[in-house]
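Reader: Hi! Could you walk me through this structure in plain words?
Author: Happy to, so here it comes.

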Amino acid sequence: MFVLLLLFISASKVQSGAIDVVAKFGAKADGKTDLSKPFLDAWKEACASVTPSTVVIPKGTYLLSKVNLEGPCKAPIEINVQGTIKAPADPGAFKDPNWVRFYSIENFKMSGGGIFDGQGSIAYEKNKDPHNRAFRVKLPVNIRF
C-alpha cells in the first residue's frame, strides 16, 4: 500500500505540468541574457495546455527587458519565480509603461518567493531632481494585471 501511495505522489508531480524556462527554453541566469523570449515561449506552452501548468523560473538572476503574458488560457496557470528577475537599469529601454503585463487571464497564481526587481533606485539615481515629472512618467509599471 505504501509503495502505491509513493507511486501516486510521484506520478502526480510529473503530471503537474512544470515548464522550466532554463531546462526547456535555454534561459540563462547570468543577469545579462534577456529572459523575454524563453519566458514568453514557456507562457504560450503553459497557456495552451488543457491541464494545469506551472512556468518555473529557477534560482539565479535573470534580465527581463519586457514581456506581455496574455490569455485566455485553457487551464489554470501558475508562475513559480524562485530567482531574481531584473528590469533594464535604463528607463529609456521602455517604449511604453509596462514591464511585466498579465492580460485577460483567469485561474492564475504566482508563487515561489522570487523577486521582480524594477531597479528603481538605479533609475532614480540617473535623475536626482525630484520635481522632474517628465522623467518619472517614463518609468514603467513593474507588474500590471
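Reader: What sits over the ring of Tyr103?
Author: The charged end of Arg101 does, 4.4 Å from the ring centre. A charge sits over a ring if NZ of Lys or CZ of Arg is within 6 Å of the ring centre and within 35 degrees of the ring normal.

Reader: What kind of model is this, and how are residues numbered?
Author: This is a predicted model, where local features need pLDDT of at least 70 and side-chain atom pairs count only at pLDDT 80 or more, while totals for chains, interfaces and linings use all residues. Residues are numbered from 1 along each chain as its sequence is written, and side-chain values use heavy atoms, with hydrogens and water left out.

Reader: Cool. How many aromatic pairs are there?
Author: Four turn up in a search of the whole structure. Trp43 and Phe102 form one that is edge-to-face, with 6.3 Å centre to centre and 70° between the planes. Trp43 lies in helix H2 (residues 36-48) and Phe102 in strand S8 (residues 98-103), 59 residues apart, so to speak a link between distant parts of the chain. Rings of Phe, Tyr and Trp (its six-membered ring) pair if their centres lie within 6.5 Å; planes under 30 degrees apart count as stacked, over 60 as edge-to-face and the rest as tilted. Helices (H or I, at least four residues) and strands (E, at least two) are DSSP runs, numbered from the N terminus.

Reader: And why is the pair of Phe102 and Phe108 called tilted?
Author: Because their planes are at 45°, with the ring centres 4.9 Å apart. Ring pairs link Trp43, Phe102 and Phe108 into a cluster.

Reader: Is Phe108 buried or partly exposed?
Author: Phe108 is partly exposed, because its relative accessibility is 24%. Trp43 is buried at 1%, and Phe102 is buried at 5%. Buried means under 20% relative accessible area, exposed over 50%, and partly exposed in between (1.4 Å probe, protein chains only).

Reader: New topic! Where is Ser49?
Author: Ser49 is in the loop between H2 and S3. Ser49 counts as buried because its relative accessible area is 18%.

Reader: What does the side chain of Ser49 reach?
Author: The backbone oxygen of Thr51, at 2.9 Å. The Ser49 side chain also has a polar contact with the side chain of Ser53, at 3.4 Å. A polar contact is a pair of N or O atoms within 3.5 Å; within protein, one must be able to donate a hydrogen and the other to accept it, and residues adjacent in sequence count only if both atoms are side-chain atoms. Leaving aside neighbours within four places in sequence, Ser49 is in contact (heavy atoms within 4.5 Å) with Lys74 and Ala75.

Reader: Ser53 is in S3, right where I was looking. Which way do the S3 residues point?
Author: Ser53, Val55 and Ile57 point one way, Thr54 and Val56 the other, and all are buried. In a regular strand the side chains alternate between the two faces of the sheet.

Reader: Which strands does S3 pair with?
Author: Strand S1 (residues 18-20) pairs with S3 in the parallel sense over three bridges, and five bridges join S3 to S6 (residues 77-81), also parallel. Two strands pair if DSSP finds at least two bridges between them. Val55 is the bridge partner of Ile19 and stands opposite Ile79 in S6.
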